[in-house]
Amino acid sequence: MKYKSSLGLIAALFLSACTIQVPPYSADISNVSKLKEETKTPISVGKIESEKKLNKISLRGSPLVSSVGNSYGEYIESALIKELKLAKLWSGVAKKQVTGKVIDQDIDVTGFSEGNSFIKVNFVVSEDDAILFEKVISAEHNFDSSFIGAIAIPNGQRSYVELVQKLLKNLYSDEEFITAIK
């Protein structure tokens, strides 16, 4: 009997440390509408860098990794492209280009009833060799969590999509960014 309960405990610990991926990005329609209102100029998206140490987020011991490429930078690139395409503003050959670097991010699911996440990205808009915009844009997101890991971990996993939606909303709401992309 002891053997079976020990085996169950080992299995539970093993399963709790499995790598999980962020869900695919869902474009935020209000973000797309904001872009459509502000400009008609095509924009390309270059590399959004992300240091290796920022490419794994721990959710109670379970590593959360990007579902796009090998980094969260690639996830944000993909999200930007998705929203620009829906706004009919993306062009792979446009002279104006958005690039950036993930500065910091984390998701905290240790709370008994609420989790929170944050992200900071240094975005750059350039045209040819001229930098038109450079600023650190950040976002925070609170979500329902639980003492129970089976609830907290998936909620933290799903929260990353909403965090990136808020990040892009904050980027598109920045007047200097809008001036740079016009």
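How many bridges join strand E5 to strand E6, and which way do the two run, parallel or antiparallel? The views below, all taken from a predicted model, start there.

**View A. Strands E5 and E6 side by side.** E5 covers residues 96-108 and E6 covers residues 114-127. They run antiparallel, and 12 bridges join them. To pick out one pairing, find Lys101: its bridge partner in E6 is Asn122.

**View B. The open sheet around that pair.** Four strands make up this sheet, in the order E2-E5-E6-E7, with mixed pairing. E2 (44-50) and E7 (130-144) sit at the edges with a single partner strand each, so one side of each has no neighbour in the sheet. On average, neighbouring strands are turned by 20° against each other, direction ignored.

**View C. Helices on the sheet.** H3 packs on the sheet and touches E2, E5 and E6. Its direction makes about 160° with that of E2. H4, for its part, lies across E5, E6 and E7, and runs at about 145° to E7.

**View D. Where H3 meets H4.** H3 (residues 72-86) packs against H4 (residues 149-172) at an angle of about 60°, and their axes are 11 Å apart. That angle is why H3 counts as oblique to H4. The crossing of H3 past H4 is right-handed. On the H3 side, the contact uses Tyr72, Tyr75, Ile76, Ala79, Leu80 and Glu83. H4 brings in Tyr160, Val161, Val164, Leu167, Leu168, Leu171 and Tyr172. Sorted by class, that gives 12 nonpolar residues, no polar ones and one charged residue.

Terms used. Residues numbered from 1 in each chain as written. Predicted model: local features only at pLDDT ≥ 70, side-chain atom pairs only at ≥ 80, totals over all residues. Heavy atoms only, no water. Axes fitted to C-alpha atoms, helices over the stretch in contact; angles between N-to-C directions. Parallel < 35°, antiparallel > 145°, perpendicular 65-115°, else oblique. Left-handed = near helix turned anticlockwise from the far one by under 90°. Contact = heavy atoms within 4.5 Å. Nonpolar A, V, L, I, M, F, W, Y, C, P; charged D, E, K, R; others polar. Pairing = 2+ DSSP bridges.
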